[in-house]
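Colleague: Could you take me through the backbone oddities in this one? I'd like a close look at that part, with a bit of context to go with it.

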Amino acid sequence: MPSNQSWMAARLKVNGDVMTYYAISLVALMVLFIVGHWARYVTRNTSQSVLYRPITAASRVFRRVSLRKAPGFTSVGHSWLVVVYVALNALFSFYRVDCSKLGNLAARFGWMATGNMVFVVFLALKNTPLALLSAYSYERLNSLHQIVGYTTLLQTALHGVLYTYSFMTSGKTYLLQEDVVTAGIVLGFATLFTVLAGMTLRRLNYELFYIIHLALFVVIVVTLGLHRPTFEDKALIATVLMAAIWFFDRLIRVARLAYNSINNEATIFPLPNGGTRIVMKKSIARARPGKHCYVWMPQIRAFETHPFTIVATEPLELVVNTYSGFTRDLHRHASNNPGASLKVSAEGPYGTNPDPMDYDKVVLVAGGAGATFAIGLAVDMLRRMTLDSNKRIELIWSARGRDNMTWFTRHLNDMITHECAPKIALKLHLTRVETSSTPSIPTLPRLSSQASTAATSAPGSILEKTLESPVLSAQTSSVALDKTALDVEKGKEGERVEYIEDASLATKGFTLPVLYGRPNIEASVREAIASVAKDKRVFVAVCGPTGLVDTVRNTTASCISVDGPSVELHCEQFGW
């Protein structure tokens, strides 16, 4: 018996040491990203310097490859990171393990699963320190969070299967009836159901998934503690650490919600085609258009918070598309009670998109409701710009219908009436042709990106002198024309141009030209980057459907060159 205890103590020490090495490896990987981020930040204005040119060249060659889309992954760089992570797990799962006994291998998989459970929780923290130290906020780490979750499940399953087989072959099946083993079995099934919920319910019914996910997490923490209930084997330290960082993150969020709820109300307005505008009485600290915050409206859902992109901060404004659950109930309440005031709170902001004011040219691409991100950034930039500013903005927005464009009428108005309006080029595209009983709209030859830019940035009165077209109402409450819709497919020889005029601007002679048809995103992004001098900086940001994001990602990556301008890419989407 003493020899057996000595052997168990030696195995415990080895496993503890290996877990320390694994933790150090993960920290080193994070430090590598942090150093890379700050190195690029420090050298951002010295890219043409002879001293920093070799570093800049190497960085651009690396980013030209790593930013591209990879099959099954968000980017090539993401795939590399996953390979490194999997390699580390493979290494430390077998390092210094005496495989002559299945119990040794089973124990190691249990240790690896425990360590990865802590890592899973760390990657899910809303207030992750990585957001401050690097360019990676929690939503950009979500895909890695899922990969680590799958790995944890695999290691947990191997831990249980190998131990069960070992007990059965050695005649020790009575051990399966012990309380600590029972807790481990419950832990294993809770981990399994958590992963299955993420794979199935997450996209079908997110609110139900979130409730199940949270409940199962509590089960995992409790059963992990019961499975290894003493500090002697050090596994309980990991359990306490996992619970502590999760609780601290929740405490921060609840404290923000409580503070921001004081004397705070939201006025809600229904928008056409399922949209809802939320305008809060009080803003939140450090709020900035393009970031997102979690909103709590107890009269709609008392125990839920939901993330929405910030469109404006003075006052805090959110524009919400309707899907199901909370957004459906919110829109229904706004439709039945337009202009109603509701108790509200918000916490955040979250997101790590760069400050567009640090760049000479900003290219914003949006699809559908992704305009909440792009238009918010554009309006905020104009607000901060002066007449002598040399910065330029190009905004490309495609939407299925005219109703969706009316969601942002006021913000579009602000753009075209701002004193810096000549510094922004608007390209508004409708991907569905809307016909009516009004006179037909002339069909024009397809415009090049340069011609489109020039046309959309010109005053509407000038365009109206050369093109006869109906003026459409774009008030936020309704669209004047009765219409039917038919899809516009790619490859049409011409684009139809209309002008959306808001009633508030009728006396000023401004209209918003809209192109019918799908925009040539690849050509527009290439031309925008090519138009910038090599000593300047370009910021390309995209928010929208996956196909649109992938197109902008690949195009922007291909435009990064050693002798070209400095190019920064930001893809606003949940999942990295």
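And to set the scene, how much accessible surface does the protein have, and what share of it belongs to carbon and sulfur atoms?

Modeller: Sure, bearing in mind that this is a predicted model. The accessible surface is about 27,100 Å², and carbon and sulfur atoms account for 62% of that. There are 576 residues, 52% of them buried, and the secondary structure adds up to 17 helices and 18 strands. As for contacts between residues at least 6 apart in sequence, 75% link residues at least 24 apart.

Now the backbone. Most peptide bonds are trans, and most residues other than glycine have a negative phi. Against that background, start with the prolines. The bond from Glu-314 to Pro-315 is cis, with omega near 0 degrees, and Pro-315 sits in the loop that runs between β4 (306–313) and β5 (316–321). Another cis bond connects Gly-348 to Pro-349, again with omega about 0 degrees. Pro-349, though, belongs to a strand, β7, which covers residues 345–350.

Then there are the asparagines with positive phi. Asn-263 isn't a glycine, yet its phi is about 50 degrees. You'll find Asn-263 in the loop between α9 (235–260) and β1 (265–271). Its relative accessible area is 58%, so Asn-263 counts as exposed. On the other side of that strand, the loop between β1 and β2 (275–280) holds Asn-273, where phi is also positive, near 60 degrees, in a non-glycine residue.

Technical notes. Residues are numbered from 1 along each chain as its sequence is written. This is a predicted model: local features need pLDDT of at least 70, side-chain atom pairs count only at pLDDT 80 or more; totals for chains, interfaces and linings use all residues. Side-chain values use heavy atoms; hydrogens and water are left out. Helices (H or I, at least four residues) and strands (E, at least two) are DSSP runs, numbered from the N terminus. Buried means under 20% relative accessible area, exposed over 50%, partly exposed in between (1.4 Å probe, protein chains only). Contact means heavy atoms within 4.5 Å. Accessible areas come from the Shrake-Rupley method with a 1.4 Å probe; for residues, only the protein chains shown count as cover.
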